[in-house]
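Biologist: I should like to learn how to read the contacts in a structure of this kind. Could we begin once it is in view?

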Amino acid sequence: MPLKRKPPEPPEPPEPAQVQAQHIAGRPLKPGDFIGDSHEIARMLIGATLLVDGVGGIIVETEAYDRDDPASHTFGGLTPRNAAMFGPAGRAYVYRSYGIHWCLNFVCCEEGHGAGVLIRAIEPTKGLDVMRERRGLQDPRLLCSGPGKLGQALAITHAMNGHRLDRAPFKVMAAPEPVEVVTGPRIGISKAVDVAWRFGLAGSRFCSARFAQAAPNKDLPHD
DNA sequence: CCTAGGATTAGCT
DNA sequence: GCTAATCCTAGGC
């Protein structure tokens, strides 16, 4: 067998999420863009734009949930409450949290799988005054820095459960360019607390909670 | 800075 | 009856 020199290393194949992000950069996301691993989708959604009736901003924090995950609403199988999460990808799963808040998820994977991404925080960029009115607050950092706050600021209701994300009132646009994503443990759960399935936009001041610092030798500017 | 408790309802044991 | 993918306020350090 002749000695065969390996051809020059081809460029490292980008991570699937990056391929997807580059392919759809800045474009409206379609249902097919949500067919895939919920952790990859959760990462891909950081930097994307979410609008509901023209109000919203840039997604800066997400959490991934999947059917084999004890913390997932779909862990125990199909029920009336979680049915939307077992439905087609690219739709909304809206649930009531603590009897008070409406929280928004994006359904992932094929119909019948039972995975999704919780949208935990956005940086408000459109409809600031509407959001301030709905929240009764002025500070932009407090408008959407948490799934319940976001639900109130965007007027998410149970009526949107199962609704397609590529149709009004929703508008979801992929990140226009790659962003730096940080990870950490999920928040507010009592099961599977160790896995780093929360994703955030690096350095964003609009997340619901701090991510552990990855580079402690570099002081962040105090602004 | 931090921790603790209440609000409020649907779903499941 | 108890728990929950949360938020807000009050009070202590």
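Modeller: Let us take one contact to start: a polar side-chain atom of Arg 120 lies 3.2 Å from a phosphate oxygen of DNA strand C. A polar contact is a pair of N or O atoms within 3.5 Å; within protein, one must be able to donate a hydrogen and the other to accept it, and residues adjacent in sequence count only if both atoms are side-chain atoms. This is a predicted model, in which local features need pLDDT of at least 70 and side-chain atom pairs count only at pLDDT 80 or more, while totals for chains, interfaces and linings use all residues. Residues are numbered from 1 along each chain as its sequence is written, chains are lettered from A and ligands numbered from 1 in the order in which they are written, and side-chain values use heavy atoms, with hydrogens and water left out.

Biologist: Which part of DNA strand C does Asn 105 approach?

Modeller: A polar side-chain atom of Asn 105 lies 2.4 Å from a base nitrogen of that strand. For Gly 146, a backbone N or O atom lies 3.5 Å from a phosphate oxygen of DNA strand C.

Biologist: How many residues surround DNA strand C?

Modeller: A residue is near a strand if one of its heavy atoms lies within 4 Å of it. Here 20 residues surround DNA strand C, the closest being Tyr 95, Tyr 98, His 101, Asn 105 and Arg 135. Sugar and phosphate make up 53% of the atoms of DNA strand C that come within 4 Å of the protein.

Biologist: Which residues surround DNA strand B?

Modeller: They are Thr 79, Arg 81, Arg 96, Tyr 98, Gly 99 and Ile 100. A backbone N or O atom of Tyr 98 lies 2.4 Å from a base oxygen of DNA strand B, whereas Thr 79 places a polar side-chain atom 3.2 Å from a phosphate oxygen.

Biologist: How should salt bridges be read, and how many does a search of the whole structure find?

Modeller: Side chains of opposite charge can pair when their charged atoms come close. The criterion is a side-chain nitrogen of Lys or Arg within 4 Å of a carboxyl oxygen of Asp or Glu, and the search finds six salt bridges. In one of them, Glu 61 pairs with Arg 198, with the closest N and O atoms 2.7 Å apart. A network of salt bridges links Glu 61, Glu 63, Arg 120 and Arg 198.

Biologist: Are Glu 61 and Arg 198 buried or exposed?

Modeller: Buried means under 20% relative accessible area, exposed over 50%, and partly exposed in between (1.4 Å probe, protein chains only). Both Glu 61 and Arg 198 are buried.
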